Amino acid sequence: MKRILITGGAGFLGSHLCEKLLAGGNEIICLDNYFTGRKKNVMHLCDNPRFELVRHDVTAPYYAEVDEIYNLACPASPIHYQYNPIKTVKTSVMGAIHMLGLAKRIKAKILQASTSEVYGDPTVHPQPEEYWGHVNPVGIRSCYDEGKRCAETLFFDYHRQNGVRIKVVRIFNTYGPHMHPHDGRVVSNFIIQALKNENITIYGDGSQSRSFCYCDDLVRGFVAMMKTSDHITGPVNLGNPEEFTIRELSEIIIDLTGSGSKTVYLPPLGDDPMQRRPVIDKARTILNWTPSVALREGLKKTIAWFEEELRNADR
């Protein structure tokens, strides 16, 4: 049994990670300030004596004796990270400093949940880990993109200077149960609109592409990365290399929900990447990891979860 700290543990991915690691017999400290995370995501775990839920903001130091740290804390959807961009940068940068400082003191292994946004609007497609990216440092998305890029820098500097045992993974678009219904991400937006028979809103002409990874696959990649030997630091891409246009995604969701929604096109969003698809050769060889849940299969599970969310909201 390990004692494991998960920052952002009540969030979308963090809550799934808490479930998986707790089911593996570990002791979990779940840290969250509930800006985008929700207590309801982890309430079913609170009766377990090996699970501890702590309200805390990672922009302030936190002290605990643990074996491993998963640093997931940061709003990840544009609508949330642009709400308070300065706080977003502080969460990424100061959160990394505080968690790395903790890992250094207690000699814990630490994983950083980075993002495909470090590649910006890529000029290389698909994106391998060796690509340095094409990022606007002064745009409306910069608070997230550059915050995560700086966090990666800090991780590798703590590793080189202080010998901290680091793991860095870059997450591509992920979806599934526990997504915030109003987080502004394309999957949750489309599902909610389709279930309510509202217009499906596409920003731009819908030709921009994304690769969608189901949450269970992604969390399995987290755990596999943490289990690697200390000389493996990453970064490693985690995502589904199957690529879909946003228009194709809207058509699949309308079909799966049986919705009468119509598609409407709005002006494109600022700095919105035109294409995004991971090269996952490193994940395959180093982690023996590939995603196993196809998009339609994962969307069916996600739609069923959102249907239940909407039913509960109407009660």
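This report describes the overall dimensions, the nonpolar cores and selected backbone features of one protein model.

The model is predicted, so that local features require pLDDT of at least 70 and side-chain atom pairs count only at pLDDT 80 or more, whereas totals for chains, interfaces and linings use all residues. Residues are numbered from 1 along each chain as its sequence is written, and side-chain values use heavy atoms, with hydrogens and water left out.

## Overall architecture

The protein contains nine helices and 13 strands; helices (H or I, at least four residues) and strands (E, at least two) are DSSP runs numbered from the N terminus. Its radius of gyration is 19 Å, which agrees with the value near 20 Å for a compact globule of 315 residues. That radius is taken over C-alpha atoms, and the globule rule is 2.2 Å times the number of residues to the power 0.38. Along the principal axes, the C-alpha atoms fill a box of roughly 55 × 45 × 40 Å.

Of the 315 residues, 55% count as buried. Buried means under 20% relative accessible area, exposed means over 50%, and partly exposed lies in between, with a 1.4 Å probe and protein chains only. The accessible surface comes to about 13500 Å², and carbon and sulfur atoms hold 51% of it; areas come from the Shrake-Rupley method with a 1.4 Å probe, and for residues only the protein chains shown count as cover.

Among contacts with a separation of 6 or more, 81% are between residues 24 or more positions apart, where contact means heavy atoms within 4.5 Å.

## Nonpolar cores

A nonpolar core is a set of buried Ala, Val, Leu, Ile, Met, Phe, Trp, Tyr and Cys residues joined through side-chain atoms within 4.5 Å. The largest such core has 59 residues, and Leu17, Tyr70, Phe222 and Leu299 have the most contacts inside it. Helix H6 (residues 215-226) gives the most to this core, with seven residues. Apart from it lies another core of 27 residues, including Ile29, Ala96, Leu100 and Ile106.

Leaving aside neighbours within four places in sequence, the contacts of Tyr70 include Leu17, Phe222, Val223 and Met226. Ile4, Leu5, Ile6 and Thr7 are also among the contacts of Tyr70.

## Backbone features in loops

Two cis peptide bonds precede proline residues, as tabulated here.

| Peptide bond | Omega |
|---|---|
| His125 to Pro126 | about -10 degrees |
| Gly234 to Pro235 | near 5 degrees |

Pro126 lies in the loop between strand S5 (109-115) and helix H4 (142-162), while Pro235 is found in the loop between H6 and strand S11 (236-238).

Positive phi values occur in residues other than glycine. Tyr34 has phi of about 65 degrees and is placed in the loop between strand S2 (27-32) and strand S3 (51-55). Because its relative accessibility is 17%, Tyr34 counts as buried. Lys107, with phi near 60 degrees, lies in the loop between helix H3 (85-106) and S5. Lys107 counts as exposed because its relative accessibility is 67%.

## The surroundings of Glu129

Glu129 lies in the loop between S5 and H4 and is buried, with a relative accessible area of 9%. Not counting residues up to four places away in sequence, Glu129 touches Tyr119, Arg170, Pro235, Val236, Asn237, Val279 and Lys282. Pro235, one of these partners, is the residue that follows Gly234 across a cis peptide bond. Glu129 and Leu5 are 124 residues apart in sequence, and their C-alpha atoms are 27 Å apart in space.
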